[in-house]
Amino acid sequence: MHGEYKVPGGKLVVVDLDVEGGALRNVRVAGDFFLEPDEAILAIDAALEGAPANTGTAGLAARIDAALPASTVMLGLTSEGVAVAVRRALAHATEWSDYDWQLIHEAPQSPALHMALDEVITAEVAAGRRPPTLRVWEWAAPAVIIGSFQSLRNEVDPAGAERHGITVVRRISGGGAMFVEPGNTITYSLSVPDSLVSGLSFADSYAYLDDWVLGALGDMGIKAWYQPLNDIATDAGKIAGAAQKRVVGGEGAVLHHVTMSYDIDADKMLEVLRIGKEKLSDKGTKSAKKRVDPLRRQTGLAREAVIERMIDSFRDRHGLTQGKVTDEEMAKAEELVRTKFGTEEWTARVP
């Protein structure tokens, strides 16, 4: 069995092992990390050898920590990262390189249609009718997108939304509200097979699926990191938020979408969103304006150039071919707009 895991902000960990009699055997840990002293790698292998195959991530990490020499120094590696690689091996997890990735980047769509396309495309991936897909969104209208479980009245000021011509829609994933205007945000979705995140906790899957975009930002000179549970941050502040939805059916799939702040109009956002003190407190700031830091200022690049560089970075890492929304997928999405995402019943399902 073979498992791989790139430690968030660190290096790749590779584990090869067998399972005999319900226990781990012939465990070999490798990777491009840095580890001192040399014998620490043997201690890690020995700590895992004979462990019950049903041991969880925390238990495996504890075995490793207990076995390491006191002088051990890890760079780009953590005990938990090794444990995650073991769990991925046991779960027969797939890797990014196992797939032919497809890009969808088309003309602007209405907010409700974007919600529907996320559901349809991810369901198609789950059913095996579509390859794993990176979809970059273009917005036809300004919008507030609230999380699946958020209260509409608690999150949106209807007078402010009406004054600024803001459409309000509800997505299928959890998380917080997104304020978007055409040209001011960068939004993308990853629709991936469930096997790509097998062996990862829900929280770890966020970091794993965000890793490529951290690399893309780094290529543009932005030092960014994953900030649990679902933010991407820099020294200057938060620049993006992610949300996920597990889709059942077929082999299963995961929808992971991210909205990045390119040039947010903070004043308008505050007139439309109801951002309370409690929400601000968990971000460690007193001002809502400080909660987002536009990519325009940090990169000095046009929005289109940032998107192009992100796509190029993904292609360099994992391969990417140009695709499109099929006629059948679009018909399904348009029907979902009519029956679900464009209805008051869905948008106000949590009043």
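Which backbone oxygen lies 2.9 Å from a polar atom of the side chain of W101? In this predicted model, the backbone oxygen belongs to W96. W101 itself is placed in the loop between α3 and β6. Because buried residues are those under 20% relative accessible area, W101, at 1% relative accessibility, counts as buried. Beyond its neighbours within four places in sequence, W101 is in contact with W96, P132, T133, L190, V192, L196, F314, H318, G319, L320 and T321. By contrast, D267, which is 166 residues away from W101 in sequence, is 38 Å away in space, C-alpha to C-alpha.

L190, one of the residues in contact with W101, leads to the nonpolar interior. When residues up to four places away in sequence are not counted, L190 touches W96, W101, T133, L134, L209, W212, V254, L255, H256 and F314. L190 also belongs to the largest nonpolar core, which has 69 residues. Within this core, the residues with the most contacts are Y188, L190, W212, M260 and M310. Helix α7 (residues 202-219) provides the largest share of the core, nine residues. Another core, of 23 residues, lies apart from it and has L117, W139, I172 and V325 among its members. In soluble globular proteins, nonpolar side chains tend to be buried together.

Two cavities of 30 Å³ or more are found in a search of the whole structure. The largest cavity has a volume of about 60 Å³, and its lining is formed by I104, H105, E106, A107, Q109, H114, L117, R135, V136, W137, E138 and V325. Two or more residues of this lining come from each of β6 (102-105), α4 (111-126) and β7 (133-136). In character, the lining of the largest cavity is mixed, with six nonpolar, three polar and three charged residues. L117 and V325 appear in this lining and are also among the residues of the 23-residue core.

The second largest cavity has a volume of about 50 Å³. Its lining consists of L134, V136, I186, Y188, W212, I307, M310 and I311, and these residues divide into eight nonpolar, no polar and no charged. At least two lining residues are supplied by each of β7, β11 (185-193) and α11 (303-318); α11 gives the most, with three residues. Y188, W212 and M310 line this second cavity and are also named among the residues with the most contacts inside the largest nonpolar core. V136 is found in the lining of the largest cavity as well as in that of the second largest cavity.

W212 also contributes to an open feature, the second largest pocket, together with E4, K6, L12, E95, W96, S97, Y208, D211, R317 and H318. This pocket has a volume of about 270 Å³. The elements giving two or more residues to its lining are β1, α7 and α11, and α7 gives the most, with three residues. The lining of the second largest pocket comprises four nonpolar, two polar and five charged residues.

Two of the residues lining this pocket, D211 and K6, are joined through their side chains by a polar contact of 3.5 Å. D211 lies in helix α7 and, because its relative accessibility is 18%, counts as buried. With neighbours within four places in sequence left aside, D211 is in contact with K6, P8 and G9.

V7 is situated in the loop between β1 (2-6) and β2 (12-20). V7 is buried, with a relative accessible area of 7%. Apart from neighbours within four places in sequence, V7 is in contact with V13, G76, L77, T78 and G81. The C-alpha atoms of V7 and P142, which are 135 residues apart along the chain, are separated by 36 Å.

Helix α1 (residues 40-48) has A40, A43, I44, D45, A47 and L48 as its buried residues. These buried residues pack against β3 (23-31), β4 (34-36), α2 (57-67), β5 (73-75) and α3 (79-90). An α-helix has 3.6 residues a turn, so residues three or four places apart point the same way. Just after α1, G50 takes a positive phi of about 85 degrees.

Definitions and conventions
Residues numbered from 1 in each chain as written. Predicted model: local features only at pLDDT ≥ 70, side-chain atom pairs only at ≥ 80, totals over all residues. Heavy atoms only, no water. Buried < 20%, exposed > 50% of the residue type's maximum accessible area, 1.4 Å probe, protein only. Helix = DSSP H or I, 4+ residues; strand = E, 2+ residues; numbered from the N terminus. Contact = heavy atoms within 4.5 Å. 1 Å grid on protein atoms, 1.4 Å probe; cavity = no way out; pocket = protein on both sides within 12 Å on 5 of 7 lines; lining within 4 Å. Points joined across faces, edges and corners; volume = space filled by probe spheres on them. Nonpolar A, V, L, I, M, F, W, Y, C, P; charged D, E, K, R; others polar. Core = buried A, V, L, I, M, F, W, Y, C linked by side-chain atoms within 4.5 Å. Polar contact = N/O pair within 3.5 Å; in protein donor to acceptor, adjacent residues only side chain to side chain.
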